[in-house]
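Here are my notes on this one, set out as numbered points. Have the model open while you go through them.

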Amino acid sequence: VTLGELPEAGSGYSGRVVVVGSVNVDTVLHLERHPTPGETVAATGTARLLGGKGANQAVSAARAGATTALVCAIGDDQAGRDARDALAGAGVAVAGAARASDPTGSALVMVDGAGENMIVITPGANGLLDRDHIATAAPLVAAADVVLASLEVPVDAVLAAFAAATGLRVLNPAPAEPVTDALLDAVDVVTPNRHELGRIAGTGPPSSVESAVAMAEQLRRRHPNLAVVATLGQEGAIVVAPTGTTHLPAAPVVVVDTTGAGDAFNGRLAAELASGAVLNEAVRAGVVYASEVVGRAGATGIRLR
Ligand code: RIB
């Protein structure tokens, strides 16, 4: 693949996506406003949903029509069985997920009346994903047109997956963690949001589209083959690639719940690239889909029992 326009349409892309990432059971609490430290507030509603960045991204890719597998670690418990059933129901094949000894990952997701969230995760089994899981799934990883990974699982597993990949490697550096140069050198496309871009650049989040572009350009000076796709919420996304820079704005939307909007974007982006779309078209499709997702409740919207 020539990274330039990334990828060339009609050059053998078959719509296969492998996602490497986390699976959580999300306990979602809807609130009028978030509590301050020491304060108690009442939820206006609760739900138990399929979540985790990996699961959300895989569901998004499958919904976009990609043949999708998720390489993950899931506990041998009821939450794990519920998550497996939900993933199967969404058309996602689960790979490498030998029953982990730790409980399935979980998240407490609080969403306020403005649709803004606060999330606390308990990694559980996600923290056990390792090179052996990746080795088990190696043929699948090698056959994928796109391998998409995020950072709610150990970085060692992510590096192993990118090493086994023959297709495009997309890193969603979420949640915001410091990212090493070695990891950035192992990927073709990196997809930070504002906070993650700031974290990678070693500064605060960008205050404007222009400053996001400047930060992405600075990153590209250290990693000249890298395409930086930064998501900027209501301002859409920027693509800063070897072929040039583009701003793809988002249409105005009434925000209901921002949870998983980034995951929806990444899954759609991966599916589009896997079907041979060029980068800017894939990003445009991701921006449109993420806008739809913030207009409804829940990351995947898939309820568990
Ligand atoms: O990105 C949203 C996700 O972050 C939630 O589904 C939660 O599980 C956490 O992983």
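Helices here are DSSP runs of H or I with at least four residues, numbered from the N terminus. Keep in mind that this is a predicted model.

1. Start with what comes right after α1. That helix is followed by Gly65, which has a positive phi near 100°. For background, most residues other than glycine have a negative phi. Another glycine with a positive phi turns up in the hairpin of β8 and β9: Gly115, near 85°, where five residues sit between the strands.

2. Staying with that hairpin, β8 (residues 105-111) and β9 (residues 117-122) run antiparallel and are joined by six bridges. If you want a register marker, Ala107 stands opposite Ile121 in β9.

3. Now the main sheet. Nine strands form an open sheet with mixed pairing, in the order β6-β4-β1-β10-β11-β12-β13-β14-β15. The edges are β6 (92-95) and β15 (244-248); each has a single partner strand, so one side of each lacks a neighbour in the sheet. Within the sheet, β12 (residues 189-190) runs parallel to β13 (residues 227-231), with two bridges between them. Val189 is the residue opposite Ala227 in β13.

4. Back to α1 (residues 53-63), which lies across β1 (16-20), β4 (67-71), β6, β10 (146-150) and β11 (168-172). Its direction is at about 170° to β4. How many of the eleven residues of α1 are buried? Ten are, so the helix is largely enclosed by the rest of the structure. Among the buried ones are Lys53, Asn56 and Gln57, along with Ala55, Ala58 and Val59.

5. Lys53 leads to a spot I'd look at by eye. Glu196, in helix α7 (residues 194-201), is buried but has no salt bridge. Lys53 is the nearest side chain of opposite charge, and it is 6.2 Å away, whereas a salt bridge needs a side-chain nitrogen within 4 Å of a carboxyl oxygen. Leaving aside residues up to four places away in sequence, Glu196 touches Asn172, Pro173, Ala174, Pro175, Ala176 and Thr191.

6. Two of those contacts deserve a line of their own. The peptide bond from Ala174 to Pro175 is cis, with omega near 0°. Pro175 sits in the loop between β11 and α6 (181-185). As a rule, most peptide bonds are trans.

7. On packing, the largest nonpolar core has 47 residues, and Val23, Leu50, Leu70, Leu279 and Val283 touch the most other members. Helix α9 (residues 261-274) gives the most to this core, with six residues. A second, separate core holds 44 residues, including Val20, Ala100, Val147 and Val209. For Val23, the contacts beyond four places in sequence include Leu50, Ala55, Leu70, Ile74 and Leu87. Ala55 also appears among the buried residues of α1.

8. Salt bridges next; the whole structure has ten. Which one ties α2 to the segment after α10? That is Asp82 with Arg305, whose closest N and O atoms are 2.8 Å apart. Asp82 lies in α2 (residues 78-89) and Arg305 in the segment after α10 (279-294), so the pair ties together parts that are 223 residues apart in sequence. The two ends differ in exposure: Asp82 is buried at 6% relative accessibility, while Arg305 is exposed at 70%. Arg48 joins Asp82 and Arg305 in one network of salt bridges that share partners.

9. Two further salt bridges are worth a look. Arg222 and Asp181 meet at 3.2 Å, N to O. This pair links distant parts of the chain, with Arg222 in helix α8 (residues 209-222) and Asp181 in helix α6, 41 residues apart. Arg222 is partly exposed at 45% relative accessible area, and Asp181 is partly exposed at 39%. The other is Asp76 with Arg81, at 3.5 Å, N to O. Here Asp76 is partly exposed at 48% and Arg81 is partly exposed at 37%.

10. Last, the segment before β1. Is Tyr13, which sits there, buried or exposed? Tyr13 is buried, with a relative accessible area of 17%; the cut-off for buried is under 20%.

Conventions:
Residues numbered from 1 in each chain as written. Predicted model: local features only at pLDDT ≥ 70, side-chain atom pairs only at ≥ 80, totals over all residues. Heavy atoms only, no water. Buried < 20%, exposed > 50% of the residue type's maximum accessible area, 1.4 Å probe, protein only. Lys, Arg positive; Asp, Glu negative; His and termini not counted. Contact = heavy atoms within 4.5 Å. Pairing = 2+ DSSP bridges. Axes fitted to C-alpha atoms, helices over the stretch in contact; angles between N-to-C directions. Core = buried A, V, L, I, M, F, W, Y, C linked by side-chain atoms within 4.5 Å.
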